[in-house]
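Here's a quick briefing to read alongside the model. Have the structure open and follow the topics below one by one.

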Amino acid sequence: MAERYICIHGHFYQPPRENPWLEEVEFQESAQPYHDWNQRITAECYAPNAVSRIMDLQGRIIGLINNYSKISFNFGPTLLHWLERHNPAVYQSILDADKESMNNFSGHGSALVQVYNHMIMPLANRRDKETQVKWAIGDFQARFGRYPEGIWLPETAVDVETLEVLAENNLKFTILAPHQAKRVRKIGSEKWVDLDHGQIDSRRVYLCKLPSGKSVNLFFYDNRTASDIAFGNLLESGEAFAKRLIDSFKDSSDGQLIENIASDGELYGHHHPHGDMTLAYCLYYIDANKLAKITNYAEFLEKNPPQYEVEIQENTSWSCMHGIERWRSDCGDNSGRRKGWNQAWRKPLRDAMDWLRDTLSVRFEQEASQYLKDPWGARNAYISVLLDRSRENVEAYLSAQAKRELSEDEKRRVVKLLELQRYAILMYTSCGWFFDEISGIETVQVMMYAARAMQLARTLFGLGLEEEYAKIIEKAPSNVPEFGNGAQIYFTFIKPAIVDFAKISAQNTIIELFSDEIKTGILTSHLPECCFKISLSEVERRDDGRFRLIVNRSKVYSVTTSDEETFGCAAIWLGDHNVSCGAMRDMPQDTFSSLRSEVLGNFEKGQINEIIVNLTKYFEANTYSLKDMFKDDQRYILDYILVDGLKKAKELYDIIYRDNSALLRFMKEARIPSPRPLQSAAEVVLNMEMERLLPVEDLNLEELQKVILNSKNLSIALDSELLALEASERTSREFQKLMSAPENIEHIQYISKLLKIIRELPINLDLWQSQNIAFKIAEKLYREIKNKKDGLSKSWVLAFTELCELIGIRLD
């Protein structure tokens, strides 16, 4: 019997979410209790798949597996960039999995490259197609240390020109949906067989010959099984998942066949909680029972060259029944969650982006040709700078691309020209069109990229493009009446978010008002240092206990463009949220001296109103408030400002709760509804008590247990998500301490007691990190200590066994 192969592909991707000026993801309220969606989905999906669990029938862990090493996968380059900086352990696990997969699959790594920022390729012009692929390959090589064999196309959207670009770049294969095949024939035969929707046999690999004479190999995934993973209940059982894959071979024909499925990787943990464990057990079950050979696409292709030829249905994708209309028209494809909404905004948004791209392209080529041998070739090579912005690397890049020796001003200009093109590419990220509403965070994000491109165009060429851009997106209607249309959304959300050096200088000066809190750890500044470096001089601070004042000179340097500007600044905090700051570019020394003398004199005399008058006199409209700060620093400063208010509120609620707690317990026992104000006081006090206790280093377990018991007795509505995160992090910290002294029996018993108490809370405790550590300790020490016969060893085994039972690890 021919050998049966199974390949599972996961497309792991998040759209780039970074603020275009800060190069950092700002706080996203909808992702709470996490900071942002990247962080949340990493915790729910990317990390668990790096160390997933194989469970026995009782739900206990019997093994750990890096799922990525056993499947085919791709990660978006912009997501890998984020992971490298914000979760290096998960990032390294992904790279390690590719190396491990090379051992598993005859030297072929499982990682596929993905088009750089998830642009819908058939809607891109030829230049953008080429840059998307070349940037993706450059990024992949830098990270994985090898040339990619296959590529993932965003939304599997395809046309012949895209396949030509893949072939030109020596990419061997890609993966499509079955309905994207138009007709097939056996290689060597002249007779084509036309295909109905999705009729192709997805268990084979096909050769697609291109007009240029080149070719590319195509896999078509099993759509029925992939759909059941995404929308059905197939991820409820690893064994059922495995059997479903094996069932595809029932009507096997001659030749080697591959059952392959492709889906969003986030299904394995984020969309379907614990989907990573279902995947892990599926792989384990197939392998342990020798039901088929688990493989990846590249290995199968090497061993089984295509015997059939295929032609594609152009301008199609896996997620739009109308081809690629979801990214350019009101085709009817949407989430289905908002009855009565339309997506008539998609076409005007696409038109605006196309107009902006084409306008910028002409000016870019004209200007860049003065400095660069090949402007578009230089853009393709710019990925080397995106990966390494060190001064030495930028100089090496410019030396290779320039047609002559450039002055320092010309070098900065060239970098800005290429940054302009970078944002003209990022503004086409597919998610901007995918969802239901133009005011959604994904669409706002692509308009932010467009705004950054227009800002650079004004700096470079003196071009004011915003008015024409707004005219085009004014035709894009919002489904939310208060937002009106795309232009109104642009001026409401995007325009105020645009950053210049003055805003950076003012932001930093406001932060400096709270520098003592930052130094003592009360407050944490989140202004990223990767994009801007700020140095202060001539700093004067005043603080009378009620008000604070700062005057300084601020030098702001952009790491991205090497531009540098100097400002005179002054800021005052009047208490609460009342912060006012002024920043003036290139303020003359005599003006700065006069400003400093006047406002310091005003402060010493208690003339606070005069300080406000002087800020207006010296800075005119160039003033900033707390509203103008970046979200993270705004939140952290507000947290500090609110400390006293929250303390007073807590004290008042505490008095109400303590005075009435016995009465509330009696009413609960008598099944009499509690008065809402008294119940609310109890909820505030007990929630805050738990939030206070969980991070405490020397946690009093009896005190925590008492608070939990009171919350249960009074049926308190708890902030479950926040408490789950804090309790999970607390447990993880205890296990990390145990890792450094794993034979400490008292600590093992302490953790067991902590877990028993925490489990009284109605929360979903995330034990992933804790289980990983315990499993390592078990592998390293359990059998060794168990084989010892002394009393201390027996005590350790008993304590550690109880702990492992509590977190679901089978030790035998």
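Let's begin with a charged pair: Glu802 is partly exposed, with a relative accessible area of 30%. Its salt-bridge partner is Lys756, and the closest N and O atoms of the two are 2.6 Å apart. Keep in mind that this is a predicted model. From there we'll go through the other salt bridges, then the sheet and its helices, a hairpin, a surface patch and some backbone oddities.

**Salt bridges**

- Glu802 sits in helix H30 (residues 791–806) and Lys756 in helix H28 (residues 745–758), so their salt bridge ties together parts that are 46 residues apart in sequence.
- Lys756 is partly exposed too, with a relative accessible area of 41%.
- There's also a network: salt bridges with shared partners link Arg126, Lys129, Glu130, Asp159, Glu161 and Glu168.
- Over the whole structure, a search turns up 65 salt bridges.
- One of them pairs Arg143 with Glu84, with 2.9 Å between the closest N and O atoms. Arg143 belongs to helix H4 (residues 126–144) and Glu84 to helix H2 (residues 77–86), so this pair ties together parts that are 59 residues apart in sequence.
- Are the two ends of that pair buried or exposed? Arg143 is buried, because its relative accessible area of 8% falls under the 20% cut-off. Glu84, at 38%, counts as partly exposed.
- Another salt bridge brings together the side chains of Arg183 and Glu311, at 2.8 Å from N to O. Here the partners are in strands: Arg183 is in E8 (residues 181–186) and Glu311 in E14 (residues 308–312), so the link spans parts that are 128 residues apart in sequence.
- Arg183 is partly exposed at 24% relative accessible area, and Glu311 is partly exposed at 26%.

**The five-stranded sheet**

- In what order do the strands of the open five-stranded sheet run? Going across, you meet E15-E16-E17-E18-E19, and the pairing is antiparallel.
- Strand E15 (532–543) and strand E19 (623–625) are the edges, each pairing on one side only.
- From one strand to the next, the twist averages 20°.
- Look at E17 (residues 564–573) and E18 (residues 579–585): seven bridges join these antiparallel strands. For a specific contact, try Cys569, whose bridge partner in E18 is Ala583.

**Helices on the sheet**

- Helix H19 (residues 501–512) lies across E15, strand E16 (548–558), E17, E18 and E19. Its direction is at about 40° to E17.
- Helix H22 (residues 608–619) also packs on the sheet, where it touches E16, E17, E18 and E19. The angle between the directions of H22 and E17 is about 160°.

**A hairpin**

- Strand E2 (residues 52–55) and strand E3 (residues 61–65) run antiparallel and are joined by four bridges.
- Met55 stands opposite Ile61 of E3.
- Five residues separate the two strands of this hairpin, and Gly59 there has a positive phi near 80°.

**A nonpolar surface patch**

- Which residues make up the nonpolar patch on the surface? They are Leu663, Phe666 and Ile672, with about 290 Å² of accessible area together.
- Phe666 is part of helix H24 (residues 643–669).

**Backbone oddities**

- Check the peptide bond from Gln32 to Pro33: the bond is cis, and omega is near 10°. Pro33 is placed in the loop between strand E1 (4–12) and helix H1 (37–50).
- Glu620 isn't a glycine, yet has a positive phi of about 50°. You'll find Glu620 in the loop between H22 and E19, and this residue is exposed, with a relative accessible area of 59%.
- Arg671 isn't a glycine either, and has a positive phi of about 60°. Its place is the loop between H24 and helix H25 (676–693). Arg671 is exposed, because its relative accessible area of 80% is over the 50% cut-off.

Technical notes
Residues are numbered from 1 along each chain as its sequence is written. This is a predicted model: local features need pLDDT of at least 70, side-chain atom pairs count only at pLDDT 80 or more; totals for chains, interfaces and linings use all residues. Side-chain values use heavy atoms; hydrogens and water are left out. Two strands pair if DSSP finds at least two bridges between them. Axes are lines fitted to C-alpha atoms, for helices over the stretch in contact, and angles run from 0 to 180 degrees between N-to-C directions. Contact means heavy atoms within 4.5 Å. Patches are made of residues with over 30% relative accessible area and no salt bridge: like charges are joined within 9 Å, nonpolar side chains (Val, Leu, Ile, Met, Phe, Trp, Tyr) within 5 Å. Accessible areas come from the Shrake-Rupley method with a 1.4 Å probe; for residues, only the protein chains shown count as cover. A salt bridge is a side-chain nitrogen of Lys or Arg within 4 Å of a carboxyl oxygen of Asp or Glu. Buried means under 20% relative accessible area, exposed over 50%, partly exposed in between (1.4 Å probe, protein chains only).
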